[in-house]
Structures are given as structure tokens and as C-alpha cells.
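Grab the model and work through a few exercises on its ligands and its strands. Each task comes with a step-by-step solution.

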Amino acid sequence: MRTQVGIVGAGPAGLLLSHLLHREGIESVVLEMRSRAYIEKRVRAGVLEHGTVETLRAAGVGERLSREGLIHQGIELRFGGRRHRIAFEELVPGRAITVYGQQEVVKDLVAARLASGGDIRFEVDDVALTAIDSERPSVKFRAAGERESIECDFIAGCDGFHGVSRDAIPAGARTHFEREYPFAWLGILARVAPSADELIYAYGDRGFALHSMRSPEVSRFYLQVGADAQLESWPDDRIWAELRARLETVPGFSLAAGPILEKNITAMRSFVVEPMQFGRLYLAGDAAHIVPPTGAKGLNLAVADVRVLTRALADWYARGDASGLAQYSATCLRRVWRAQHFSYWMTTLLHPFDSDDAYARRLQLSQLEYVVSSRAAATSLAENYVGWEP
Ligand code: FAD
Ligand code: PHB
């Protein structure tokens with residue numbers, strides 16, 4: 001079998017790439033190891049940058065997003081017994097974020113692909129990339145017990161941080177940049193109305209907490225926990241007690257609790273591979289880079305990569321112009337490294353580290369005070385949060 005672009009992974013990156021390529025008249029096949037039900041239920045990101053929303057709308061998959069997405073004009077930083085609003089409408093006028101679950105984006109994209117006859121193979125295994133440094137790379141895999149192979153012009157590795165695509169690049173042809181943080185995030189989804197209108201990023205001696213949401217009926221929360229924390233040690237009562245202790249720190253705020261629908265623990269890590277391409281293989285999204293979720297950047301970076309890759313492939317197919325493809329990695333990495341720094345900065349600003357001494361805590365508080373009292377510092381946070389365009 002043959003296709004133009006073989007895409008490994010049906011996360012936001014792979015699905016959006018397949019959809020955008022289809023709109024350019026370029027065919028693709030998407031190979032996904034999980035089932036459709038699994039990827040449509042996987043709870044992850046929730047914050048879409050302005051540019052991400054525009055991309056989804058322009059691609060014709062923004063209808064439900066426009067109806068159900070919650071537009072936010074600011075976020076709150078809570079520390080020292082006070083609340084401080086970072087007001088996007090004042091600091092970065094015309095730019096906002098939209099809160100809309102990643103799994104909703106995934107559902108919208110799967111529906112759009114299948115409605116236009118797109119080829120997504122779910123539950124494949126043993127995916128392997130071959131001949132990526134030739135003009136006829138191929139993807140081999142097993143589906144329903146049968147070995148299959150698809151010959152392609154190009155392969156897009158969109159299979160996330162734990163995928164196989166990145167390792168198809170010879171070790172000597174790539175460099176990894178990495179940082180691990182000595183804590184994790186315990187995330188829950190709860191059937192309860194949000195206790196605030198905007199996201200709350202709360203810093204305190206007990207650790208970081210985040211109050212987010214998905215809809216007027218469903219809230220999302222995160223707690224900083226130890227890097228080795230286990231869900232068994234976090235029964236529902238303990239989670240609510242800790243959320244209250246970290247969030248009910250300002251006068252007049254009380255946190256509403258409700259049934260917990262989902263719980264998970266996410267490691268906190270920063271990672272970049274350079275370059276993001278080798279031969280006819282192009283990596284996009286978490287396959288090439290991950291950020292700790294404090295800056296809400298991962299999904300948005302995946303969408304940005306896919307925008308660049310679509311343009312480059314469209315130029316190649318339309319006019320034989322290979323310049324976009326040659327520049328793919330360099331173009332993406334400018335935005336990636338800005339988001340890396342912002343995510344690292346938000347993470348180190350808002351999480352007390354066990355290794356901190358009293359001096360380090362004072363520095364954190366001083367930086368927080370500066371961010372909420374200097375218009376220049378608040379604008380820097382705001383312009384990165386809503387999405388900085390290099
Ligand atoms: P993925 O979503 O990981 O998709 C990769 C796909 O490839 C998966 O479906 C996987 O099953 C499949 N796959 C893997 N290996 C193989 C294989 N060998 N063969 C076939 N298929 C394979 N980002 C934000 O922008 N904003 C946020 O608010 C935010 N919050 C987050 C909160 C949490 C708790 C977490 C965990 C992440 C958050 N992120 C956030 C990050 C965001 O979820 C990711 O950056 C995003 O999922 C990246 O999309 P992707 O398509 O590159 O990778
Ligand atoms: C979320 O709603 O899942 C979310 C929001 C903000 C973040 C990370 C995750 O920084």
C-alpha cells in the first residue's frame with residue numbers, strides 16, 4: 001500500500017496534520033496504537049491559545065469549540081493570602097485563551113477525518129519506520145494480527161513522548177535537552193461547578209495547586225505531589241482537604257467539592273530533541289518536545305508544529321519547493337524554546353522545591369510580587385501565556 005504522508009499517532013498533532021493535509025489535497029494514513037474510545041476519553045490539556053483556536057476555526061473544526069469553549073480574559077495568581085489578577089484584556093488586548101478539553105479537540109478531529117473518508121487505523125501495534133533517509137520511507141505495523149507496510153513520500157512522527165518515531169533517528173544525528181523536576185502533578189476531574197470564573201494558580205508552603213475547569217458543571221484541579229506519589233495514597237477526602245488547604249487562603253473563597261470522575265499523576269519534565277527532522281521523517285508535538293504543564297503550552301506547541309509542517313508539505317507538493325521542509329526544525333524550534341523557557345519559569349516560580357532553603361523561598365516570593373506589581377513583568381507573563389508569536 002502507498003500514501004503520501006504516513007502519520008504515526010492520533011493525538012492532536014497527528015489528527016490535525018491529517019485534517020489540514022486533506023484540505024490541501026494531500027492524502028495520509030494515521031496509525032494509532034490505542035482504540036478510538038481510549039483517545040477520545042484521555043483527559044489532558046485544557047487551555048487553547050488564541051492562535052490554536054484560530055487554526056482550528058480556519059480548518060473548519062471550530063464549531064463546537066466556539067459554542068462550548070470558555071473564553072478567559074485573565075488568570076489569577078494566589079499567594080501570601082491575596083489574589084492577583086493577570087488581566088489579558090489590559091495587558092495583551094484582543095488576545096485571550098479558550099478553555100476546552102483536549103479530548104474534545106480530539107473528538108472533533110476524529111469526526112472530521114472520518115466524515116471526509118480519512119484513513120485512521122486504530123489499535124495497530126509494532127509500528128516501525130524504515131528507510132527514512134531514502135525517498136521511499138515506509139511504516140511497518142501489525143493490525144488484527146497481520147503484518148502490513150505502507151510506503152510513503154514522508155513520515156510524520158506524531159506519537160507523543162513515549163512513541164517510536166524519535167528513536168528512528170540515528171542516535172548520532174540527534175541531541176536531547178532535558179530537565180526533570182522533583183515533583184509531579186496529581187490531576188482530578190470533578191463533577192462540580194467551578195468555584196471561580198478564571199483559572200487560579202496558587203503558590204504556598206504546602207505546595208502548588210491549580211483550579212481549572214472544563215464546563216459550567218465540571219472542574220479540573222491539580223496538586224503538586226512528590227515525584228514518587230501513588231494514587232492509592234490519595235483517597236478523595238485527602239485530595240479535597242489538600243485542595244482546600246492550598247486554595248482557601250484568601251478571604252471569602254470557599255471551594256465546592258463533588259464526585260471525582262478521573263484521577264491521574266503526571267511527571268513533570270522538560271525535553272527537546274534537535275533537530276526535529278531526519279531524512280523524510282518530521283517529528284511534531286510531544287514526540288519532539290515536552291514541557292511541564294504549568295505554562296499550558298504542550299498542546300499549543302503541537303498545533304504550531306503541525307501548521308508549519310502542513311505549509312511546508314503543501315509547498316513541496318504544489319511547486320516542488322523544498323525550502324519549508326528544509327527549515328521545518330529551525331522554524332519550530334524558535335517557538336519551542338520560548339515555550340520551554342516560559343514553562344520552566346512558571347514551574348520554578350510557582351512550586352516550592354523540597355531542596356529550597358529560606359533564601360530560595362524569599363526569591364520566589366519576591367519574583368511573584370514583582371510579576372503582580374510591575375506592568376512590564378505582568379505583560380511578559382500574559383503575552384507568553386496567550387501565545388507568543390516569534
Ligand atoms: P499525544 O497527545 O501524546 O498523542 C500521541 C499519540 O500517539 C497517542 O494517541 C498515542 O497513543 C499514540 N502512540 C504512541 N506511541 C505509538 C506507537 N508506537 N504507535 C502508534 N501510536 C502511538 N498542553 C496545553 O497546551 N495546555 C494544557 O493546559 C496542558 N495541560 C496538560 C495537563 C496534563 C495533565 C498533561 C499530561 C498534559 C498537558 N498538556 C497541556 C500537554 C498536552 O496534553 C500534550 O502536549 C499533547 O497531548 C501533545 O499532543 P501530541 O499529539 O503531540 O501527543
Ligand atoms: C487544565 O485545565 O488541564 C490545565 C490548565 C492550565 C494548565 C495546565 C492544565 O497550566
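**Exercise 1.** Find which backbone and side-chain atoms make polar contacts (pairs of N or O atoms within 3.5 Å) with oxygen atoms of ligand 1.

*Solution.* Start with Val47: one of its backbone N or O atoms lies 3.4 Å from an oxygen atom of ligand 1. Next, go to Pro12, where a backbone N or O atom is 3.2 Å from a ligand 1 oxygen. Then try a side chain: an N or O atom of Glu32 sits 2.6 Å from an oxygen of ligand 1. Finally, check the cover: on its own ligand 1 has 1000 Å² of accessible area, and the protein covers 91% of that (Shrake-Rupley method, 1.4 Å probe).

A word on the ground rules: this is a predicted model, where local features need pLDDT of at least 70, side-chain atom pairs count only at pLDDT 80 or more, and totals for chains, interfaces and linings use all residues. Residues are numbered from 1 along each chain as its sequence is written, chains are lettered from A and ligands numbered from 1 in the order written, and side-chain values use heavy atoms, leaving out hydrogens and water.

**Exercise 2.** Describe the shell around ligand 1, taking residues with a heavy atom within 4 Å of it.

*Solution.* Count first: 34 residues surround ligand 1, with Glu32, Arg42, Gln102, Asp286 and Leu299 the closest. Sort them by class and you get 16 nonpolar, 10 polar and 8 charged (Ala, Val, Leu, Ile, Met, Phe, Trp, Tyr, Cys and Pro are nonpolar; Asp, Glu, Lys and Arg charged; the others, Gly among them, polar). Now look at the elements (DSSP runs, at least four residues for helices and at least two for strands): helix H9 (298–319) gives the largest share, 3 residues.

**Exercise 3.** Do the equivalent job for ligand 2.

*Solution.* Its shell has 14 residues, and Tyr201, Ser212, Arg214, Tyr222 and Pro293 come nearest. Look for side-chain N or O atoms: Ser212 has one 2.6 Å from an oxygen of ligand 2, and Tyr222 has one 2.6 Å from a ligand 2 oxygen. The protein buries 97% of the 280 Å² that ligand 2 exposes when taken alone.

**Exercise 4.** Which strands sit at the edges of the open sheet E8-E2-E1-E12-E19-E18?

*Solution.* Pairing needs at least two DSSP bridges between strands. The sheet has 6 strands with mixed pairing; E8 (119–121) and E18 (277–278) each pair on one side only, making them the edges. Zoom in on E8: strand E2 (residues 28–31) pairs with E8 in the parallel sense over 3 bridges, and Val30 has Ile120 as its bridge partner in E8.

Notes
A residue is near a molecule or strand if one of its heavy atoms lies within 4 Å of it. A polar contact is a pair of N or O atoms within 3.5 Å; within protein, one must be able to donate a hydrogen and the other to accept it, and residues adjacent in sequence count only if both atoms are side-chain atoms.
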